[in-house]
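Got your viewer open? Load the model below and let's walk through it one selection at a time.

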Amino acid sequence: MTFTEQLITIGLCVLGTYLTRALPFMIFSEKRATPKYIRYLGDALPSAIFAMLVVYCLKDVSIVEGNHGLPEFLSIVLIIVLHLRWRQMLISISGGTVCYMLLLRLVFNS
Amino acid sequence: MSDRKKILSALRAAFPFTVPIMTGFCFLGLAYGIYMNVLGFGVLYPTLMAALIFGGSLEFVAATMLLAPFAPIQTFAVAVMIQARHLFYGLAMLEKYKGLGLKRQYLIFGLCDETFAINCSTRVPSGIDRGWFYFWVTLLNQSYWVTSAMLGGLLGEVLTFNTEGLGFVMTAMFVVIWLEQFLTEGRHVTSLIGFAASMACLIAFGSDSFLIPSMVLILIVLTAFRLRIER
């Protein structure tokens with residue numbers, strides 16, 4: 001690949017990303033009222049998206065092989081417990097991450 | 001309140017929300033820079049790609065595309081498919097990003113997963129300017145990503161460190177944001193639809209290609225049951 005071709009390749013990645021981010025804003029201009037159906041979607045989508053993103057983060061965890069997803073499962077349980085107890089994002093996130101790293105090193109270090 | 005004060009107080013309010021992202025991006029960005037370095041790209045590549053594409057997963061894929069024969073149409077198609085989930089973020093942020101003037105253009109450009117997660121789920125503290133709050137979250141996140149990609153590219157293989165499992169910080173963050181959403185929302189059915197649809201598609205389509213089918217399925221279910229969900 002020549003240098004120009006590299007620039008085009010990177011440029012197309014930039015363009016593709018920008019388009020997916022900007023398209024909704026281009027279609028539904030901020031000057032006009034957003035259609036009711038789209039506002040409904042904007043309201044109903046976030047919790048569905050966050051659920052989808054959690055699945056996305058865990059997509060490569062295998063239940064049948066390796067650690068059977070146990071370190072992930074246990075750490076997520078801890079995150080939920082910590083968060084229900086304190087409702088402090090940083091405590092829940094760091095607690096869960098440290099737990100996961102310790103589990104990998106001390107318990108599941110095969 | 002003077003402009004300067006307004007901007008600085010928004011920065012102070014925004015920073016704590018971005019700390020988990022800083023941790024995760026330092027790790028992932030370094031990994032990306034090192035990866036590019038190992039593939040033989042100079043430091044400018046990961047730095048500029050991090051700044052301009054600003055979308056983690058595609059940047060890794062783009063690296064392999066740079067090493068393959070030139071295929072512009074395929075490159076563009078892959079980019080759009082990998083990034084398609086951003087279409088949902090835009091729909092969800094339409095109202096929140098209204099009336100923010102020039103800042104809005106940058107907010108749209110920088111709407112990555114993590115920035116979306118914070119700006120969508122956080123109630124901007126009272127007395128803080130909404131536009132500047134969103135702006136700082138976006139800019140801080142982007143600066144973490146670009147800086148760590150650059151460092152990774154500079155230091156390359158010099159770095160040897162045992163950070164196995166640190167990437168879990170991102171999973172932890174999405175779990176917490178989802179849980180927070182779940183605890184505050186009036187109805188839980190949309191969360192459950194998100195889980196059920198993406199799990200079903202993950203099983204049916206496999207981990208490499210389940211995102212787009214999941215999005216379509218979520219849209220169909222949300223549309224079909226709109227009257228029931230809205231009630």
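Which kind of contact do the side chains of B:Arg187 and A:Asp43 make? Select both and look: they form a salt bridge, with 3.2 Å from N to O. Keep in mind that you're looking at a predicted model.

Next, zoom out to the whole border between the two chains. The rule finds three salt bridges across it, and 20 residue pairs are in polar contact there. Now select helix H9, residues 168-184 of chain B: with 15 residues, this helix gives the most to the side that touches chain A. Colour that side of chain B by class and you'll get 58 nonpolar, 23 polar and 11 charged residues.

How many residues of each chain are in contact? Highlight them and you'll have 92 from chain B and 69 from chain A. Between them, the two chains bury about 7,200 Å², with 75% of it on carbon and sulfur atoms. Then pick out B:Phe70, B:Phe168 and B:Val176, which lose the most area to chain A in chain B, together 10% of what that side buries.

Last stop: hide chain A and stay with chain B. Colour domain 1 (3-165) and domain 2 (185-231) separately. Their centres, taken over C-alpha atoms, are 26 Å apart. Four residues from domain 1 and five residues from domain 2 make the contact. These domains bury about 440 Å² between them, 94% of it on carbon and sulfur atoms. Looking for salt bridges here? The rule finds zero, and zero residue pairs in polar contact too. On the domain 1 side, you'll find three nonpolar residues, no polar ones and one charged residue.

Key. Residues are numbered from 1 along each chain as its sequence is written. Chains are lettered from A and ligands numbered from 1 in the order in which they are written. This is a predicted model: local features need pLDDT of at least 70, side-chain atom pairs count only at pLDDT 80 or more; totals for chains, interfaces and linings use all residues. Side-chain values use heavy atoms; hydrogens and water are left out. Contact means heavy atoms within 4.5 Å. Buried area is the accessible area (1.4 Å probe) that two parts lose on being put together, summed over both. A salt bridge is a side-chain nitrogen of Lys or Arg within 4 Å of a carboxyl oxygen of Asp or Glu. A polar contact is a pair of N or O atoms within 3.5 Å; within protein, one must be able to donate a hydrogen and the other to accept it, and residues adjacent in sequence count only if both atoms are side-chain atoms. Helices (H or I, at least four residues) and strands (E, at least two) are DSSP runs, numbered from the N terminus. Ala, Val, Leu, Ile, Met, Phe, Trp, Tyr, Cys and Pro count as nonpolar, Asp, Glu, Lys and Arg as charged, and the others, Gly among them, as polar. Domain bounds come from an automatic or database domain assignment.
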